[in-house]
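Got the structure open in your viewer? Let's take a walk through it, one selection at a time.

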Amino acid sequence: MAESFGTDAERYDRARPRYPEALIERIAAAAAPAGPRPDVLDVGCGTGIVTRQFQAAGCRVLGIDPDARMAGLARQFGGEVEVARFEEWDPAGRDFDAVVAGQAWHWVDPAAGAAKAARVLRPGGLLAPFWNVFRFPPDVAEAVAVACQRALPDTPFDFRAMTNGSRDAYRTPFAKVADGMRESGEFSEPEHWEFDWEFFYTRDAWLDLMPTTGAFTRLPPDRMGKVLEGVGTVIDAMGGGFTMRYTTVAVTVVRAGAA
């Protein structure tokens, strides 16, 4: 699934939510003591959404992604990208002030990934994977889940679990990330940073986003079309749009050896 997002890289880049500026600025500031333009490694950079946000904050950024299609689009947007899985990537002696991963660290082995990050971070450098945790309005969540189930009645996927986004749903994955960081023995005790924000989705904007999510990236076009038709009808009945609440959660640690 991790390499299915490049099926429509342009849509992915267009539709996927960005990350709050407060998060980007906090990470950049944490890396800034190393110099005016900190070096950031963007793991699982995809089409370069996170890369561009850190570039705008004044950072030098190198991206890594296993999907050449996603990497190709990131390069078109001005990103420097190398194609590899992070655990297998050769840093060739390079090191960084921060290692980040936007909506991607769950594809990385938590122990091996943390150990690799420790090897490429300078002393005092920051490891900061982060995720957008979405929270549908309850009535929208139920209606979207029902529409998906009707369109795909033979699919074992739990659509109610998909629409029931919450911090609790992410508690176990976040704990695994933190445990991997501790296991390396190279970092400070993990911290959780949280940033709350909202985004209003029109019908068209939400239908543009849905095919880029993991539940749907491998669906044939005819089946995806049924899902979009059903969900579109639901959103039309609710007035043509809805406000999604997001919490962006970062699990952060500092590389040992800071002065």
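Before the first stop, a word on labels: helices here are DSSP runs of H or I with at least four residues, numbered from the N terminus. Keep in mind, too, that this is a predicted model.

**Stop 1: a helix and the glycine after it.** Select residues 49-56, which make up helix α3. Its buried residues are Ile49, Val50, Thr51, Gln53 and Phe54. Show what they pack against and you'll find α1 (9-15) and α2 (21-31), along with the strands β1 (39-43), β2 (60-65), β4 (96-102) and β5 (121-135). Now step past the end of α3 to glycine 58, where phi is positive, near 95 degrees.

**Stop 2: the sheet.** Colour the strands and read across: β3-β2-β1-β4-β5-β7-β6 is the order in this open sheet of 7 strands, and the pairing is mixed. Which strands stand at the edges? They are β3 (80-83) and β6 (191-202), each with a single partner, so one side of each has no neighbour in the sheet. From one strand to the next, the twist averages 20 degrees.

Zoom in on β4 and β5, which run parallel and are joined by 6 bridges. Here phenylalanine 96 sits opposite leucine 121 of β5. Add residues 110-120: this is helix α5, packed on the sheet and touching β1, β4 and β5. The direction of α5 makes about 140 degrees with that of β5.

**Stop 3: the cores.** Next, select Leu41, Phe86, Trp89, Trp105 and Leu127, the residues with the most contacts inside the largest nonpolar core, which has 30 residues. Helix α8 (167-184) gives this core its largest share, 5 residues. Centre on phenylalanine 86: beyond its neighbours within four places in sequence, its contacts are Leu41, Val43, Ile64, Trp105, Val108, Gly113, Lys116 and Ala117. There is also a second, separate core of 29 residues, including Ala141, Cys148, Trp197 and Val234.

**Stop 4: a helix with two sides.** Val234 takes us to α10, so select residues 221-237. This helix has 17 residues and reaches 24 Å from its first C-alpha to its last. Buried here are Met224, Val227, Leu228, Val231, Gly232, Val234 and Ile235. Why do they lie on the same side of α10? Because they cover an arc of only 160 degrees around the axis. Flip to the other side of α10 for the exposed Asp222, Lys226, Glu229 and Ala237. Among the elements covering the buried residues are α6 (138-151), α9 (203-209) and β7 (241-254). Finish at glycine 239, which follows α10 and has a positive phi, near 105 degrees.

Definitions and conventions. Residues are numbered from 1 along each chain as its sequence is written. This is a predicted model: local features need pLDDT of at least 70, side-chain atom pairs count only at pLDDT 80 or more; totals for chains, interfaces and linings use all residues. Side-chain values use heavy atoms; hydrogens and water are left out. Helices (H or I, at least four residues) and strands (E, at least two) are DSSP runs, numbered from the N terminus. The expected span of a helix is 1.5 Å times one less than its number of residues. Buried means under 20% relative accessible area, exposed over 50%, partly exposed in between (1.4 Å probe, protein chains only). The arc is that of the directions from the helix axis to the C-beta atoms. Contact means heavy atoms within 4.5 Å. Two strands pair if DSSP finds at least two bridges between them. Axes are lines fitted to C-alpha atoms, for helices over the stretch in contact, and angles run from 0 to 180 degrees between N-to-C directions. A nonpolar core is a set of buried Ala, Val, Leu, Ile, Met, Phe, Trp, Tyr and Cys residues joined through side-chain atoms within 4.5 Å.
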